[in-house]
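Me: Let us go through this model in questions and answers, beginning with how its helices pack.

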Amino acid sequence: MTSSSLSISKPAGWKFSLLDNNLFNSAIRYVAIPLTGVLVFLLLWSATAQNIDTSLGKFPGPAAVWEQFGALYQEHERSREKAAAFYERQKVRNAERLAEDPSYQPKIRDYTGKETFIDQIFTSLITVMSGFLLAVAIAIPLGIATGLSRTLSSAINPIIQVFKPVSPLAWLPLVTMVVSALYTSTDPLVAKSFLNSMITVTLCCLWPMVINTSVGVAGIESDLVNVSKVLRLSPLKHVKKIVLPASVPMIFTGMRLSLGVAWMVLIAAEMLAQNPGLGKFVWDEFQNGSSDSLARIMAAVIVIGVIGFLLDRAMLQLQKLASWDKDSTTH
């Protein structure tokens, strides 16, 4: 008997069956199981909330929080309408003044209404990204330098080890005092509260990025270093062609850690210093003490968590784009 006579013929649709099976397994793993976990959590939350009494009433369940999301959005829409009407009144008034006096210089005053929940979301996002990017500009070059130079690493390491365990919130009073002393412009480009929060975020972002970048650079394989020596690359080209590509996974690990910590620290700093943002919103609602305050605080907590998750996922996608080692970016 020939080998061909022993071969087993495969059904015509076996490939489609295998594909359907893989799609089904993927749907179970990535859709059904996560949705089940969320539903179980919502049920437990709803059941537990009914049994918790506070000074402001029952602890809010999912339905109450969802209702507050709608209320917060409606408040934002009403605020935008008031702002539009405010600017329209100024426009009409300036047009009337110009008709009476062509030499009149029109003035447009900014709307000074209270920031809405959505406004404060964007305020916090702008603050955290500004502080994070400033930290990136400082930490990554410093981490590369310390990873390449043992002497510099020995000099800077004690400073890092001393300041790394310090809570960034401990820096907040010092940052506030220094900014108040140095930033004395009568027409400031940005508010002092923004600088206070941004610099606090920067301080908390520095250490994980410096450490991870330094470890990644120092751990480059000797073969790659030898290739650079053989090719006689200049220091700048060595960093660009060898150091950065090889240390990208560790650099992004430090950046992801820093961004997650920065988001948590920012919310706490905004609460402590009463700087504009989601942290201030939470504190104001806590102080307000209305019947809806708990549900509004819980809505803010959910938004804070979702934004933190999305920031981490965004950083992971950037790592996948920048890294040659795709296996290191699967989580």
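**Helix packing and salt bridges**

Me: Is the crossing of helix 6 and helix 7 left-handed or right-handed?
Reply: This is a predicted model, where local features need pLDDT of at least 70, side-chain atom pairs count only at pLDDT 80 or more, and totals for chains, interfaces and linings use all residues. Residues are numbered from 1 along each chain as its sequence is written, and side-chain values use heavy atoms, without hydrogens and water. A crossing is left-handed if the near helix is turned anticlockwise from the far one by less than a right angle, and right-handed if clockwise. For helix 6 and helix 7 the crossing is right-handed.

Me: What is the relation of helix 6 to helix 7: parallel, antiparallel, perpendicular or oblique?
Reply: Helices are DSSP runs of H or I with at least four residues, numbered from the N terminus. Helix 6 covers residues 168–182 and helix 7 residues 192–218; their axes (lines fitted to C-alpha atoms over the stretch in contact, with angles from 0 to 180 degrees between N-to-C directions) come within 9 Å and cross at roughly 140°. Angles under 35 degrees count as roughly parallel, over 145 as roughly antiparallel, 65 to 115 as roughly perpendicular and the rest as oblique, which makes helix 6, relative to helix 7, oblique.

Me: How many residues in the contact of helix 6 with helix 7 are nonpolar?
Reply: P168, W171, L172, V175, T176, V179 and S180 of helix 6 meet K192, L195, N196, I199, T200, L203 and C204 of helix 7, contact meaning heavy atoms within 4.5 Å. Ala, Val, Leu, Ile, Met, Phe, Trp, Tyr, Cys and Pro count as nonpolar, Asp, Glu, Lys and Arg as charged, and the others, Gly among them, as polar. In this contact of helix 6 with helix 7, one residue is charged, four are polar, and the nonpolar ones number nine.

Me: At what angle do helix 3 and helix 11 pack?
Reply: The axes of helix 3 and helix 11 are 8 Å apart. The two helices are roughly perpendicular to each other because of their packing angle, which is about 85°.

Me: How many charged residues are in the contact of helix 3 with helix 11?
Reply: Helix 3 brings A64, V65, Q68, F69, L72 and E75, and helix 11 brings A295, R296, M298, A299, I302 and V303. The contact of helix 3 with helix 11 has nine nonpolar residues and one polar, and its charged residues number two.

Me: How far apart in sequence are the parts tied together by the salt bridge of E75 with R296?
Reply: A salt bridge is a side-chain nitrogen of Lys or Arg within 4 Å of a carboxyl oxygen of Asp or Glu, and the closest N and O atoms of E75 and R296 are 3.1 Å apart. E75 is in helix 3 (residues 62–100) and R296 in helix 11 (residues 293–322), so this pair ties together parts whose separation in sequence is 221 residues.

Me: Is R296 buried or exposed?
Reply: Buried means under 20% relative accessible area, exposed over 50%, partly exposed in between (1.4 Å probe, protein chains only). E75 has 30% relative accessibility and counts as partly exposed. R296 has a relative accessible area of 10%, and therefore counts as buried.

Me: Which residues do shared salt-bridge partners join into one network?
Reply: E285 also forms a salt bridge with R296, with closest N and O atoms 3.1 Å apart. E285 belongs to helix 10 (residues 278–288) and R296 to helix 11, so this pair ties together parts 11 residues apart in sequence. Through shared partners, one network joins E75, E285 and R296.

Me: Which residue meets R80 in a salt bridge?
Reply: R80 is partly exposed, at a relative accessible area of 32%. The N to O distance in its salt bridge is 3.2 Å, and its partner is D119.

Me: Where is Q274 placed?
Reply: Q274 has a positive phi of about 60° although it is not a glycine. At a relative accessible area of 30%, Q274 is partly exposed. Its place is in the loop between helix 9 (235–273) and helix 10.

Me: Which residues does N275 touch, not counting those up to four places away in sequence?
Reply: N275 is in the loop between helix 9 and helix 10. At 5% relative accessibility, N275 counts as buried. With residues up to four places away in sequence left out, N275 touches S193, N196, S197, E270 and K280.

Me: How far apart are the axes of helix 9 and helix 10?
Reply: Helix 9 and helix 10 cross with right-handed sense. W263, I267, E270 and M271 of helix 9 meet L278, G279, K280, V282 and W283 of helix 10. The packing angle is about 45°, and the distance between the axes of helix 9 and helix 10 is 7 Å.
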